[in-house]
Amino acid sequence: MKTSGTAIVVKHTGSHYLLSELPAWEPFAAVIRGKVRLAGSHATNPVAVGDRVDYHLESDDPEGMAVIDRIHPRSNYIIRRSVNLSRESHIIAANLDRVFLVVTIAFPEVKRAFVDRFLVTCEAYRIPVTLVVNKTDIRTEALEAETADFVALYRAAGYEVLEVSARTGEGVGALREHCRGAVSLISGISGVGKSSLINAMDPSLSLRTGEISLSHLQGKHTTTFYEMHPLASGGFIIDTPGIRGFGLVDIQPEELSTYFPEMLRVMDDCRFKPCTHTHEPGCAVKQAVDEGRIAPERYNSYLGMLEEETKYR
Ligand code: GDP
Ligand code: ZN
């Protein structure tokens, strides 16, 4: 048996971690002793799912637990504030190849402000994000029109949008293809069908669905634990149960517009630099909004976020 090595954190249970050397799936338990905090990180959790770590085995440990010695630098990570407006933050997952944001147009209705905020977070951390519109089997005329609007809005902004149904299997093959050979995170508010989609991609995982929201457990003193699952068709997916949203951590107001791909494309032509795209004359972003090349919904989201970020600073 190897006495040391490098592996990926696939689960955090509270008392210990599970590690596996991907792409093999042979999880084993590990603990942290003393200080192994990544330099510069102030997160409440020193090690997150997706982290690559060095470990060693101690031959005299009766439980045979591995010991985590070092965390490798992260290529990216997703973080959220532990409590609203608190300065503490919690790393949800690290080293992601892609994030899937699952949304539903109705049942439940996912708010655009939430979607935009989420997308900004992914952009800030340079993680490719795909929007997944689930429950397309629920069909009414109004819903179909709203779905078409949503899809058009985000495709125009530059995002990939998939339409799927965990119930009928529509689009699930495309989702599976996307997951192959990558570590992805699936997120979205409770009830949109994250667990159902994971199960549709790989029924052998049989995640529990329709659970009561975990949000009541997300108080001040509890932590939600995230977990990576191996997909039979290839790839690994990290589930984020009960998530309510990510805070905008460490985003400067003047860089916010760079996290809106459609603004980033035109802002080079703004007369003033930096430009907040609010009141400045000769602003290329405002002109693009006026000319219908940038959706007013997205621009208003930007203004809302800008105001909030400025207020709490
Ligand atoms: P999660 O909280 O995001 O993990 O959502 P779940 O997977 O637990 O699903 C929430 C509810 O939506 C359950 O009652 C599912 O049966 C239902 N659901 C999930 N996907 C679909 C879908 O594609 N179509 C329909 N009609 N219902 C779905
Ligand atoms: Zn501007």
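Among contacts in the chain between residues at least 6 apart in sequence, what percentage join residues at least 24 apart? Let's warm up with that one, then work through a few more. Keep in mind that this is a predicted model.

**Exercise 1. Get a feel for the whole chain.**
Task: work out the contact share asked for above, then describe the chain's make-up.

Solution. Start with the contacts: 65% of those between residues at least 6 apart join residues at least 24 apart. Next, go through the secondary structure, and you'll find 7 helices and 13 strands. Then look at burial: 49% of the chain's 313 residues are buried. Finish with the surface, where the chain exposes about 15,400 Å². Carbon and sulfur atoms supply 51% of that area.

**Exercise 2. Take apart the zinc site.**
Task: which residues coordinate the zinc ion (ligand 2), and what is the geometry of the site?

Solution. First, pick out the donors: Cys270, Cys275 and Cys283 each offer SG, while His277 offers ND1. These atoms sit 2.0 to 2.4 Å from the zinc ion. Second, check the angles among the 4 donor atoms, which run from 103 to 116°. Four donors count as tetrahedral if all angles lie between 85 and 135 degrees, so this site is tetrahedral. Third, read the donor spacing along the sequence: C-x4-C-x1-H-x5-C.

Now for burial. Buried means under 20% relative accessible area. His277 comes in at 1%, so His277 is buried. Cys283 has 6%, so Cys283 is buried too.

**Exercise 3. Hunt for disulfides.**
Task: how many disulfides are there in the whole structure, and is Cys179 buried or exposed?

Solution. Search the whole structure and you come up with 0 disulfides. Then turn to Cys179: its relative accessibility is 0%, so Cys179 counts as buried.

**Exercise 4. Trace a hairpin.**
Task: how do strands β12 and β13 run, and what lies between them?

Solution. Begin with the strands: β12 covers residues 227-230 and β13 covers residues 236-239. The two run antiparallel and are joined by 4 bridges. One pairing to look up is His229, whose bridge partner in β13 is Ile237. Then move to the turn: 5 residues separate the strands of this hairpin, and Gly234 there has a positive phi of about 110°.

**Exercise 5. Place an arginine.**
Task: where is Arg139, and which residues is Arg139 in contact with beyond its neighbours within four places in sequence?

Solution. Locate Arg139 in the loop between β9 (129-133) and α2 (141-157). Its relative accessible area is 52%, so Arg139 is exposed. Setting aside neighbours within four places in sequence, Arg139 is in contact with Glu144 and Glu170.

Definitions and conventions: Residues are numbered from 1 along each chain as its sequence is written. Chains are lettered from A and ligands numbered from 1 in the order in which they are written. This is a predicted model: local features need pLDDT of at least 70, side-chain atom pairs count only at pLDDT 80 or more; totals for chains, interfaces and linings use all residues. Side-chain values use heavy atoms; hydrogens and water are left out. Two strands pair if DSSP finds at least two bridges between them. A disulfide is a pair of cysteine sulfur atoms within 2.5 Å. Buried means under 20% relative accessible area, exposed over 50%, partly exposed in between (1.4 Å probe, protein chains only). Donors are N, O and S atoms within 2.8 Å of the metal (3.2 Å for Na, K and Ca); water is not among the atoms, so sites may look incomplete. Four donors count as tetrahedral if all angles lie between 85 and 135 degrees; four count as square planar and six as octahedral if opposite donors are over 155 degrees apart and all others between 65 and 115; anything else is irregular. Contact means heavy atoms within 4.5 Å. Accessible areas come from the Shrake-Rupley method with a 1.4 Å probe; for residues, only the protein chains shown count as cover.
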